[in-house]
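Trainee: I should like a close look at one part of this model, namely its salt bridges and the elements that surround them. Please take me through them in one connected account.

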Amino acid sequence: MRTDVPLDRAYRLLNHGPTVLVSASHGGRVNVMAAAWAMPLDFDPPKVAVVIDKSTFTRGLIEGSGRFALNLPCRALADLTYRLGSTSGHQVDKRADPGLPIIEGRTGLPLVDGCVGWLECTLLPEPALQDRYDLFLGQVVAAQADSRVFRDGRWFFDEAPQALRTLHHVAGGAFLSASDLMQATLPTR
């Protein structure tokens, strides 16, 4: 049965991809924010896009440094992810949060330990997109993953503990986590 979806909630039909934690540093400050709207853009060189609102503290760090990281939190980090998405670096020094385990990435970017994937990016400046749509593009210059759940270029959620499954924000602090893996087959001719 089909039912109409209010247009101001239509994004939620598509918005169950993995939630990311966007981390950045500049001028001695480090911040991490949650973002539900991130996606891959290209394979070679690898590029990503992420929406970062003008009001966020992290946006200023990215604009200042020209770099950011996308961290893929897992179910074990749901509370931390919600907390990071519910507070602003303008009011809170998130780096002082004892529950926020920051490690240094391959390129020196701050990364969130305990995630299952990390993409370190160089900003591809597109001022018109950034100003008008809050859309930031990045070229991935380093990537790592937790081999318990991602290896050989693919996810293995069915072999990993549930705590390592990616988070997918649906609204108001509610998350789904990646579920059972199923393999589709092509019809035989």
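Mentor: In this predicted model, the number of salt bridges is 8. A convenient place to begin is helix H1, which spans residues 57–65. Here the side chains of Arg59 and Glu63 form a salt bridge, with an N to O distance of 3.2 Å. The two residues lie 4 positions apart in H1, so about one helical turn separates them. In general, an α-helix has 3.6 residues a turn, so residues three or four places apart point the same way.

The two partners differ in their surroundings. Arg59 has a relative accessible area of 4% and is therefore buried, the cut-off being under 20%. Glu63, at 42%, is partly exposed. This pair also belongs to a network of salt bridges that links Lys54, Arg59, Glu63, Asp131 and Asp134.

Arg59 has company within the helix: Phe57, Thr58, Leu61 and Ile62 are also among the buried residues of H1. The cover over these buried residues includes strands S1 (20–26), S2 (29–35), S5 (67–72), S8 (117–124) and S9 (135–145), together with helix H3 (127–133).

Both ends of H1 deserve a remark. At the N-terminal end, Thr56 acts as a cap, with a side-chain oxygen 3.3 Å from the backbone nitrogen of Arg59. Arg59 thus takes part through its backbone in this cap and through its side chain in the salt bridge with Glu63. Just after the helix, Gly66 adopts a positive phi of about 75°.

Two of the covering strands, S8 and S9, pair with each other in the antiparallel sense over 8 bridges. Within this pairing, Leu123 has Gly138 of S9 as its bridge partner. S9 also runs antiparallel to strand S4 (residues 46–51), to which 5 bridges join it. There, Ala49 is partnered by Leu137 of S9.

Two further salt bridges complete this account. The side chains of Asp146 and Arg148 meet with an N to O distance of 2.7 Å, and Asp146 counts as buried at 13% relative accessibility. Arg151 pairs with Glu159, their closest N and O atoms lying 2.3 Å apart. Arg151 is partly exposed, with a relative accessibility of 27%.

Conventions. Residues numbered from 1 in each chain as written. Predicted model: local features only at pLDDT ≥ 70, side-chain atom pairs only at ≥ 80, totals over all residues. Heavy atoms only, no water. Salt bridge = Lys/Arg side-chain N within 4 Å of Asp/Glu carboxyl O. Buried < 20%, exposed > 50% of the residue type's maximum accessible area, 1.4 Å probe, protein only. Contact = heavy atoms within 4.5 Å. Polar contact = N/O pair within 3.5 Å; in protein donor to acceptor, adjacent residues only side chain to side chain. Pairing = 2+ DSSP bridges.
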